[in-house]
Number of protein chains: 4
Amino acid sequence: MNPRTYISVIGPSDASPEVLRIAEEAGACVARAGAVLVTGGGGGAMEAACRGARSAGGLTLGLLYGSSRSEGNDYLDLAVPTGMGEMRNVLVVRTGDGVLAVGGAFGTLSEIAFALKLGKPIVGIGTWTASVGGKPAPIPSAGSARQAVDLLLRMLD
Amino acid sequence: MNPRTYISVIGPSDASPEVLRIAEEAGACVARAGAVLVTGGGGGAMEAACRGARSAGGLTLGLLYGSSRSEGNDYLDLAVPTGMGEMRNVLVVRTGDGVLAVGGAFGTLSEIAFALKLGKPIVGIGTWTASVGGKPAPIPSAGSARQAVDLLLRMLD
Amino acid sequence: MNPRTYISVIGPSDASPEVLRIAEEAGACVARAGAVLVTGGGGGAMEAACRGARSAGGLTLGLLYGSSRSEGNDYLDLAVPTGMGEMRNVLVVRTGDGVLAVGGAFGTLSEIAFALKLGKPIVGIGTWTASVGGKPAPIPSAGSARQAVDLLLRMLD
Amino acid sequence: MNPRTYISVIGPSDASPEVLRIAEEAGACVARAGAVLVTGGGGGAMEAACRGARSAGGLTLGLLYGSSRSEGNDYLDLAVPTGMGEMRNVLVVRTGDGVLAVGGAFGTLSEIAFALKLGKPIVGIGTWTASVGGKPAPIPSAGSARQAVDLLLRMLD
């Protein structure tokens, strides 16, 4: 088995320019660290992260919402058309050794929750905070994509 | 097709006495409203909700984590052994017309996120709040199980 | 946990009058035996089996292809909108203690194969035979719906 | 999107030396054709196919039964730990543009059935035949791995 690290970058398909910029930088940082980039393979933040990874010579894997590989964005090395809709969010989280969350969509919150549930290291940038009974969920926040990836890699050591 | 309403009650398998009490009352209120109770079919809050529903003459459906029907709790009328692990959380949310969230486990947060993503009405009692960029997610909170079910049924009207 | 037996009746949505007749009788026999009828909840043989079960006072559970409960046929007591497409065939087989296969669609063959793989008792009427290297797969065949259900119940004893 | 062809090679984890030999040669032929090899990522025929593809410089993708990437065989470039058990068979078939079936396990029969159901080109070597009402299912058979891959590629043209 190839011992490479897999990092899942999760974020919305409908993203602001700021979120797209962060996602693209995150993808590039993942690639420079020699890790495989995992995303949902769609547009928006997913596409930006893949574009960043490819520009840095990285490998990208997309786990698609629908059942046709042609739905994937233009920067995927390999794509799996799951046909499972929202359930594929669980696959995206499970496939990563660690998770980097960007932006504020509900799907992203579901992936953060699954990462916490599965005990996967997770770091956020400009994403959800959540708390229950005054106690916040452990979602470390970083100030930049580079810091986020660095922190995540240290958590994975 | 049976026109009954389905309400999913989501909450942790490892729950405090207070959460168990609320879940049981919620199950009873769902049954009294004539709705089908949907849960993950396991222990803790799931079992308490089913016990409450059965005590009030209701119908209970469990969508189980594992692949054996015998894993279900003692208060299920029908059980589906999904064998899908955490992915079954998506099924629990999708099967309900509305969702009532109790307690503070990570799995519950994933179900809240899926309810928001799928546009399902959701009400919480003593559960997660979440926000992004200072904007809270729309998770209405109720002071009691009865108020929660009443509010949810009004949202479904 | 309710100790009832669950029987899955699998067959095509696009079925001949003969297959529909057999499926309806099979559903009625399942209900008369006091077992829960599980199907994919759609039209054709699935609907016929559910109609038969309901006419005999039985309980029917549909595990639907799509993500909306309204896609279910008119004879379902409970329906789970899986949104999983073909993958729900695995759920239909897993939920039954035994499987009764009718007719000759490819989806039915996938369910027969999963039943064999999962070690579930299975009986067929006018359905697939399969063999490899001259060795037939163990798919006992019955001459009528009644004989098929009787045989299946004996296999489950 | 990368325009490469994906070929799924399906076969048992517990395979005879003859099936292993065919699977390995099939993997090598898939790689030489420039296609991505998709398998369930486990042992037996899956591992042999991946070994063959890697020895010919190909790219291999494994869609694993369990939830840990470490369960994958030693010849995977990328692995997705689905945690979905038998349901991942559907993913293996859906991810391929065409399917090559080897050997006679029940899981292989389920994948053949899904390929037929989804309308994916399929070719078999020493695998299942199936028929209903005297009509055989359209599973073209080849005499060698090389002939099978050649035939499959022509079907995909």
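**Reading the A–D interface**

Modeller: In this predicted model, the area buried between chain A and chain D is about 2300 Å², and carbon and sulfur atoms give 58% of that area.

Biologist: How many residues does the contact take from chain A and from chain D?

Modeller: The size of an interface is often given as the accessible area lost when the parts come together. Counted by residue, the contact here takes 26 from chain A and 26 from chain D.

Biologist: By what turn and shift can chain A be laid on chain D?

Modeller: Two copies of a chain are related by a rotation about an axis and a shift along it. For this pair, a turn of 180 degrees with a shift of 0.0 Å along the axis lays chain A on chain D with an RMSD of 0.0 Å, and the two copies are thus related as by a two-fold rotation axis. In chain A, the C-alpha nearest that axis belongs to Leu78(A), at 4.3 Å. The same surface serves both copies, since 100% of the contact residues of chain A recur in chain D.

Biologist: Which polar and charged pairs link chain A and chain D?

Modeller: There are ten residue pairs in polar contact and two salt bridges between the chains, one of the bridges joining the side chains of Arg69(A) and Asp97(D) at 3.1 Å, N to O.

Biologist: Which elements of chain A supply at least two residues of the side that touches chain D?

Modeller: Strand 3 (60–64), strand 4 (78–81) and helix 3 (88–95) each do so, with strand 4 giving the largest share, four residues. By class, this side of chain A has 13 nonpolar, seven polar and six charged residues.

Definitions and conventions
Residues are numbered from 1 along each chain as its sequence is written. Chains are lettered from A and ligands numbered from 1 in the order in which they are written. This is a predicted model: local features need pLDDT of at least 70, side-chain atom pairs count only at pLDDT 80 or more; totals for chains, interfaces and linings use all residues. Side-chain values use heavy atoms; hydrogens and water are left out. Copies are superposed by least squares on the C-alpha atoms of residues with pLDDT of at least 70 in both. Contact means heavy atoms within 4.5 Å. Buried area is the accessible area (1.4 Å probe) that two parts lose on being put together, summed over both. A salt bridge is a side-chain nitrogen of Lys or Arg within 4 Å of a carboxyl oxygen of Asp or Glu. A polar contact is a pair of N or O atoms within 3.5 Å; within protein, one must be able to donate a hydrogen and the other to accept it, and residues adjacent in sequence count only if both atoms are side-chain atoms. Ala, Val, Leu, Ile, Met, Phe, Trp, Tyr, Cys and Pro count as nonpolar, Asp, Glu, Lys and Arg as charged, and the others, Gly among them, as polar.
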